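The exercises below concern a ligand site and the open and enclosed spaces of a protein model. Work each one from the coordinates before reading its solution.

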Amino acid sequence: MVTPKEFDVAVRYLRRKFDPAPAVAIVLGTGIPRPPLTVGGEAAFGEVPYLVAPTVEGHAGRFLFGELADVPVAIAEGRLHLFEGLPADVVTLPVRLLGRLGARAIVITGAAGSLRAEFAPGEVVVLRDHLYLGALSPLAGPAYEELGPRFVASAGAYDPSLRTLAAEQAEALGFNLREAVYAAVGGPQFETEAEAKALAKLGGDVVGMSLAAEALVARQMGLPLLALCAVTNVAGRPEDSHEAVLAGAEAPGAKIASLIESLLPRLASR
Ligand code: HPA
């Protein structure tokens with residue numbers, strides 16, 4: 001776990017790259033394209049003290065600072081994952097850093113597999129809840145009050161007013177944004193048929209390897225969160241593959257990018 005002092009060193013490093021505090025932070029996951037940002041500064045994950053570069057195809061692993069729809073934003077292009085063998089607190093460090101830079105809301109995005117026939121590949125969903133049952137918590141470790149409370153209510157992590165805002169905006173863009181429960185798994189293996197069935201029985205609608213740990217950290221920081229997923233494949237099939245996920249993210253990923261761009265003024269003015 002990075003100590004509060006180390007955390008401050010990393011925050012100061014990023015502040016030197018770009019001065020204005022971002023109003024909104026964004027994390028772009030697997031296959032989600034970057035909205036048209038006017039870039040004012042950037043930093044690769046690997047150059048930021050105590051952070052590491054990602055090892056997954058489709059994850060650039062850098063912070064971009066600038067303006068999008070006239071709103072100052074900070075974007076993490078790509079993310080770190082538990083399946084890279086990294087501790088949960090390192091995986092979620094980009095979100096902690098984005099929060100500390102001053103963002104008033106965070107939008108996290110990623111790919112997910114469908115656990116139910118109602119959620120077809122190609123669709124975009126907004127998360128309303130998650131199942132984080134197996135993996136080690138990113139909040140585990142020494143109780144550094146500077147980073148937030150140790151004991152956190154997971155319930156309520158997915159801000160209801162941001163979900164409503166996103167659904168309204170999606171409708172204005174001409175698509176239906178349904179709410180889904182995200183079952184978090186560690187990966188990197190895709191689920192067996194039995195696992196996919198079990199996760200659906202437990203209440204999961206979609207399954208993925210990333211978003212829930214970040215949601216917990218945002219919750220700990222009291223950072224209002226909007227989580228958008230591209231449904232890229234049907235989970236629990238022999239043909240599941242990273243390539244299929246990347247290909248499946250193309251159409252819904254483009255929708256997510258345009259939704260974020262058109263939402264930004266409303267997110268920033270809350
Ligand atoms: N399982 C787990 N994570 C995923 C999947 C999946 O089927 N698709 C995209 N991310």
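## Exercise 1: Polar contacts of the ligand

The model is predicted. In it, a nitrogen atom of the ligand lies 2.7 Å from an N or O atom in the side chain of Glu-191.

Task: find which polar side-chain atom lies 2.7 Å from a nitrogen atom of the ligand in the case of Asn-233, Gly-113 being treated by its backbone.

Solution.
1. For Asn-233, a polar side-chain atom is 2.7 Å from a ligand nitrogen atom.
2. Gly-113 takes part through its backbone: an N or O atom there is 3.2 Å from a nitrogen atom of the ligand.
3. A polar contact is a pair of N or O atoms within 3.5 Å, so the Gly-113 pair at 3.2 Å qualifies.
4. On its own the ligand has 260 Å² of accessible area, and the protein covers 96% of that.

## Exercise 2: The shell around the ligand

Task: list the residues that surround the ligand and state which strand gives the most to the shell.

Solution.
1. The surrounding residues are Ala-111, Ala-112, Gly-113, Phe-190, Glu-191, Val-207, Gly-208, Met-209, Thr-232, Asn-233, Ala-235 and Val-245.
2. Sorted by class, the shell holds 7 nonpolar, 4 polar and 1 charged residues.
3. At least two shell residues come from each of strand 5 (105–114), strand 8 (206–208) and strand 9 (225–234).
4. Strand 5 gives the most, with 3 residues.

## Exercise 3: The largest pocket

Task: describe the space taken by the ligand in terms of volume, lining and contributing elements.

Solution.
1. The ligand takes the space of the largest pocket, which holds about 340 Å³.
2. Its lining consists of 24 residues; Thr-30, Phe-190, Met-209, His-242 and Val-245 lie nearest the centre.
3. Strand 5, strand 8, strand 9 and helix 7 (242–248) each give two or more residues to this lining.
4. Strand 5 gives the most here, with 4 residues.
5. The class count for the lining is 11 nonpolar, 11 polar and 2 charged residues.

## Exercise 4: The second largest pocket

Task: state how much space lies in the second largest pocket and which helix gives the most to its lining.

Solution.
1. The volume is about 150 Å³.
2. The lining residues are Ser-114, Leu-115, Glu-193, Ala-196, Lys-197, Ala-200, Val-234, Ala-235, Gly-236 and Arg-237.
3. Helix 5, residues 193–201, gives the most to the lining, with 4 residues.
4. By class there are 5 nonpolar, 2 polar and 3 charged residues.
5. Ala-235 lines this pocket and also belongs to the residues around the ligand.

## Exercise 5: The cavities

Task: count the cavities of 30 Å³ or more and characterise the lining of each.

Solution.
1. The count is 2 cavities.
2. The largest cavity has about 80 Å³ of space, and 15 residues line it, with Leu-82, Tyr-132, Val-185, Met-209 and Ser-210 nearest its centre.
3. Helix 6 (residues 211–221) gives the most to that lining, with 3 residues.
4. The lining of the largest cavity divides into 11 nonpolar, 4 polar and no charged residues.
5. The second largest cavity has about 50 Å³, and its lining includes Met-1, Arg-96, Tyr-144, Arg-150 and Gln-220.
6. That second lining divides into 7 nonpolar, 2 polar and 2 charged residues.
7. Met-209 lines the largest cavity and also surrounds the ligand.

Key:
Residues numbered from 1 in each chain as written. Predicted model: local features only at pLDDT ≥ 70, side-chain atom pairs only at ≥ 80, totals over all residues. Heavy atoms only, no water. Near = heavy atom within 4 Å. Polar contact = N/O pair within 3.5 Å; in protein donor to acceptor, adjacent residues only side chain to side chain. Areas by Shrake-Rupley, 256 points an atom, 1.4 Å probe, with all protein chains shown as cover. 1 Å grid on protein atoms, 1.4 Å probe; cavity = no way out; pocket = protein on both sides within 12 Å on 5 of 7 lines; lining within 4 Å. Sits in = over half its atoms within 2 Å of the grid points. Nonpolar A, V, L, I, M, F, W, Y, C, P; charged D, E, K, R; others polar. Points joined across faces, edges and corners; volume = space filled by probe spheres on them.
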